[in-house]
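User: I would like to learn how to read a structure like this one. Please take me through it feature by feature.

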Amino acid sequence: MAHSRTARRRWTAAIGLTGVAALALSACAESGRTDDPGAGQVGGTLTFGAAGAPKLFDPFYATDGETFRVARQMYEGLVGFKPGTAEVEPALATKWDSSEDGKTWTFTLKENVKFHDDTDFNAEAVCFNFNRWYNQKGAGQSDAVSQYWLDNFGGFADTPDKPSLYKSCTAKDAKTAVVELNEATSQFPSVLGFTSFSISSPTALKQYDADNVVAAGDSFTYPAYANEHPTGTGPFKFSKFDKANNVVELVRNDNYHGTKAKLDKIVFRIIPDETARKQALEAGDIDGYDLPNAADWPGLKEKGFNVAVRPAFNVLYLGINQKNNPKLQDLRVRQALMYALNREQLVKSQLPEGASVATQFMPSTVDGYNKDLKAVGYDPEKAKSLLAEAGASDLTLKFFWPTEVTRPYMPSPKDIQAAIAGDLEKAGIKLEVSSKPWNGGYLTDVDQGIPDLFMLGWTGDNGTAHNWIGTFFGRTDNRFNTGASPWGTELAAELAKASSEPDETKRSEMYVELNKKIMEQYLPAIPVSHSPPALVLKSDVKGVVPSPLTDERFGQASKG
Amino acid sequence: MLRYTIRRLIQLVGVVLVLSLLLFAWLRALPGGPVSALLGERSTPEKREALTKQLGLDQPIFVQYLKFMGRALSGDFGVSTGVQPGDAALDIFLQRFPATLELSFLAILIAIALGIPLGYLAAKRRGGWFDNLSVAGSLLGVAVPVFFLAYVLKDVLSSALGLPTGGRQDAIDATRVTGFFVLDGVLTQEWDAALNALEHLVLPAMALATIPFAVVFRITRAAVLDVLDEDFVRTAESKGLTAPTIRRRHVLRNAMLPVVTTIGLQTGALLAGAVLTEKVFAFAGVGEALALGFERRDYPVLLLLIIMATIVYVVVNLLVDLSYALIDPRIRTR
Amino acid sequence: MVTPTRKKDRIDSLAESSADAGVSLAASAWRTLRRSPVFLTGATIISLFVLVSLLSPWLAPHDPSEAMLIDQVIKARNEIPPPQDGHPLGGDLQGRDFLSRLLIGSQQTLIVGVLATLIGLAGGLTLGTLAGAFGGWVDSVVMRLVDVMLSLPSLLLAFSISAMFARPNQYTVIIAVAVVQIPVFARLLRGSMLAQRHSDHVLAATALGVKPGAIVFRHMLPNSLGPVIVQSTLVLATAIIDAAALSFLGLGNPDDRIPEWGQMLGDVQTVFDTHPQLAFWPAGCIIVVALGFTLMGETLREALDPKSRR
């Protein structure tokens, strides 16, 4: 992680603003609704409909939203995010300081905090956690297991070829932990607010063999800590996972160090079928669920439910793979594809309220966004003439799209695909459309460069420009095979240069410039849209604040 | 009898082995699978390759199969990648099987409770409007796609009857003993829990019952017609026995045989129907796991559940054959 | 006598009916059928269905794949094109003319049904002829194979087969639905041949020195036609319903530019409650057509199978 040191703060502030704006809007829409945590009754059970079962309860190994959602209620990190924003605020650490060179971080810890198992929370516990993360062995080092550590901190203690950002942790005294890094990074300390880097009870970690991940057969099995004994400091503690009934139950932590939770219990009820989730909400069986289908928003609002919309922190793009069809290496052909797409119409008919046409590969809240870029308008004639100019009037392309999936940036792949395919065909491009299940070959095919055109997107987990365009085009053997064109290498080099620029303002300018270049000179793919995801709740549920990072905590939630 | 049973069981082992090899090889030959499921859109070719290696998915198929069978012998059928990620496939089956049994049992009960009396009445009034109407109705029952019916039932009846729209039980405190929720409620005398679980069963069981109902109805009707024609009924009539007595003594009892058999043999239809019905009602049984497994390409779970479904189906068939042979000696000589 | 109850036995009983299927039986069957209101209802439904399917390219007012009403689709407001001038049933989720899709859909549905039946029949014919005509070890091997296939619940087998295709499309659906019918047809044809092996006309032909191949194709197969027709009619209904179930589980043909009813129904599960018309039309069509085939099949069976005739 040698890139994007200081952009985080700015991005943080920007997202924060959007969050507040969205909040204000949704607050207006729901007259009489209050987000004052002081209001609301004490007691009761909140039942939340989850689309899938949590994979485990140890946040460190978590990689998916369903798992994070549950873990987030039981755990806290050293830092947290102000509800509804991405602004860092104190959590288990009350304050922190960094040395001049940004490599030494001193955290002052909250006192009188106990884990759910009565273990004391102190500097030693913090260091125990850091060292646990850093010292993962065997299967614990797999990309599929410690994904967030690998993405944010790099390697482990015994992987010298893959250096880590993390160096050491010392407990200066009970309430002071000093974390040393190998390099300065603007990601600190906000990265510690990620649910993955929550602090677990050292006693429970040891007792329940927390690091014993085993690669078994074609998957991984996790130890008792992750399955039955998650132990954090959060406002709720683990009660049970009734697998036969598909219900996860958390109960209030009565010894919580902060404002105690109002709810007695949170129940996560697993309802994989989307329609079933909606009906369960309407029938009063559950109090809310995540990612309601955009088409259901109006109906849900009409019935008095609170559709809480998060800021659109994602992008959907039409991927172009230049490898197989040399004609796609011609900029004019790729531009023709962009002119052929009626993105305005697509956003209007297929995406939820608040969605917008993407002018570049990142939303406006990311540092380095180029606000001067305008979306190219729909112009099939221009597309045809560009194709003719490039001698590609008889262009035939393989267009793949995924089934068995919805993504926040892609609520209905089938309908979006149909719109895109229809537009392209109108511009005289012949398509061989085919689809594969998301997990059943689609991603593999895209990675292996089989289709010429494909639908994919990204939800940001980090506000640096590098998390977006760096991920997409930072290498030449990426999904777009930009290496097939001479500018691919150039672009990768430019991205690397920008991400290693230490000066924040300068770097930001470099990214603004790069975004323009990507859209006007390179066009490795076509950004389509940004689409806001939502969460729906019963109107009597209060104190749940939609977060751009989907970091919704139910600690201050109440019912009735 | 014993030899017959043993032969059938050996045959079953053969079927299971062949089936598991075929399924295994085919599933492994498919792209995606565990690696895609674990990495999602964050995958890069490198991560993919590393993980493939780590999980041993780069080895030849037969090596993988032997390893799989080795583990299977010790009860390890792999870990779910999509249905309940991280859970052992066998655990998923064991947790969910009671749910499906419970549901199928109620469905069969509904089918019998409606099918037999209606079939009997229709036969008695052969050719009348009641007969024609109920025959048409039973044919219609077969013509309606099960999942569509399930949705209609859910939409129309759940609010009208105040029944839950899905799940096995509300999140109430219930002690788990056997995994059969209704039975557990009765055993622990937690009547609320039992009633609640039963309420959750009603609608999916109704949807699932349509095809068995149609079959039971038609078989009952045909069987009763057959028996009414048979000599002993005519004899009984000539002996001057009254109609109710004939009905009770001869007709119904003789007609029961094929009906009972049919019920046993509806297992296959129930299993397939459960996949659709349980999905609609988010009912956490084997059927829903299969539906999710297909949707999320959860190969370990699919492999185990398909094999288990086959075993259940074959064993039920065997039991039916055996009971049939016991009841009707004529069969044994066939 | 015991009424056949199991799938296997039902098949076998149907098969035996061909042994004495002479001209007289066919003629008498036809006489019965002509007067059966049930058969006539079924036949009318199916004739209409076939007629509409064949004429659908001319009947459909619009191109079923063109999103001509897309500007009236607004997901954010849950709006789809309502019925209007030129579009009596409105549009679907992608702004395509719904009536045209239903009409063209009938054609695809017929194709799926017929192809699935033909493939099932061809597979079954090969296996069944082999087994029935030769008997002995050929018979044993083939029938073991058939039994293995019959030992999986058929719809579940169809699900599994489709899940195994890396890229589901129209043909994988047909194959999945067809393969599960192969053992049924195989058993049917084998039974029918076995029943005929000792019938008078086959014995006579053998005595006259007709070659075995000729006997099978000139004498035995034609006589098996009755049971095959009955079974095919029933399979047509099953195939259409099964195809819908496949789509519902996401195992169907994802490319919906050329619609098929099962696919139209299976694909709209998320909007069953908000746009029920999108489900009810294709569901209604499927139910009526499946009922038509079933009515025809069951009455045909009764007419041809003396044992079930009453």
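Analyst: Start with the definition behind any count of elements: helices are DSSP runs of at least four residues, strands are runs of at least two, and both are numbered from the N terminus. On that basis chain A has 16 helices and 23 strands. Keep in mind that this is a predicted model.

User: Which radius of gyration does chain A have, and what should it be set against?

Analyst: The reference is a compact globule with the same number of residues. For 560 residues that globule would have a radius of gyration near 24 Å, and chain A agrees because its own value is 24 Å. Along the principal axes, the C-alpha atoms of chain A fill a box of roughly 75 × 55 × 45 Å. Burial counts as 20 or more other C-beta atoms within 10 Å; of the 560 residues in chain A, 61% are buried. Take the contacts in chain A between residues at least 6 apart in sequence: 71% of them join residues at least 24 apart.

User: How do I read a sheet, and in what order do the strands of the seven-strand sheet in chain A come?

Analyst: The general idea is that strands of a sheet pair through backbone hydrogen bonds, either parallel or antiparallel. In chain A, the open sheet of seven strands has the order S10-S11-S12-S1-S13-S21-S14, with mixed pairing. Its edge strands are S10 (236-242) and S14 (306-309) of chain A, each pairing on one side only. From one strand to the next the twist averages 20°.

For a single pair within it, look at S13 (residues 288-290) and S21 (residues 534-537) of chain A, which run antiparallel and are joined by three bridges. There A:Gly288 stands opposite A:Leu537 of S21(A). Helix H2 (residues 65-74) of chain A lies across S1 (45-50), S10, S11 and S12 of chain A, at about 140° to S10(A).

User: What is the pairing in the four-strand sheet of chain A?

Analyst: The pairing is antiparallel, and this open sheet runs S4-S5-S7-S6 in chain A. S4 (93-98) and S6 (166-173) of chain A have a single partner strand each, so one side of each lacks a neighbour in the sheet. Neighbouring strands are turned by 20° on average, direction ignored. S6(A) and S7 (residues 176-181) of chain A pair over six bridges, and A:Thr170 has A:Val178 in S7(A) as its bridge partner. Helix H3 (residues 123-134) of chain A packs on this sheet and touches S5 (104-109), S6 and S7 of chain A, its direction making about 165° with that of S6(A).

User: At what angle do H6(B) and H9(B) pack?

Analyst: For a helix pair, read the angle, the axis distance and the handedness. H6(B) and H9(B) pack at about 145° with axes 8 Å apart, and their crossing is left-handed. The contact includes B:Ser138 and B:Gly141 of H6(B), and B:Ala214 and B:Phe217 of H9(B). Its residues divide into five nonpolar, four polar and one charged.

User: How many residues does each chain bring where A meets B, and where B meets C?

Analyst: Chain A gives 42 residues and chain B gives 50 to their contact. On the side of chain A that touches chain B, H13(A) has the largest share, with seven residues. That side divides into 17 nonpolar, 13 polar and 12 charged residues.

Between chains B and C, 38 residues of chain B contact 38 residues of chain C. On the side of chain B that touches chain C, H14(B) gives the most, six residues. This side divides into 31 nonpolar, four polar and three charged residues.

Terms used: Residues are numbered from 1 along each chain as its sequence is written. Chains are lettered from A and ligands numbered from 1 in the order in which they are written. This is a predicted model: local features need pLDDT of at least 70, side-chain atom pairs count only at pLDDT 80 or more; totals for chains, interfaces and linings use all residues. Two residues are in contact if their C-beta atoms, placed from the backbone, lie within 7 Å. Ala, Val, Leu, Ile, Met, Phe, Trp, Tyr, Cys and Pro count as nonpolar, Asp, Glu, Lys and Arg as charged, and the others, Gly among them, as polar. The radius of gyration is taken over C-alpha atoms; the globule rule is 2.2 Å times the number of residues to the power 0.38. A residue is buried if 20 or more other C-beta atoms lie within 10 Å of its own, exposed if 12 or fewer, and partly exposed in between; C-beta atoms are placed from the backbone. Two strands pair if DSSP finds at least two bridges between them. Axes are lines fitted to C-alpha atoms, for helices over the stretch in contact, and angles run from 0 to 180 degrees between N-to-C directions. A crossing is left-handed if the near helix is turned anticlockwise from the far one by less than a right angle, and right-handed if clockwise.
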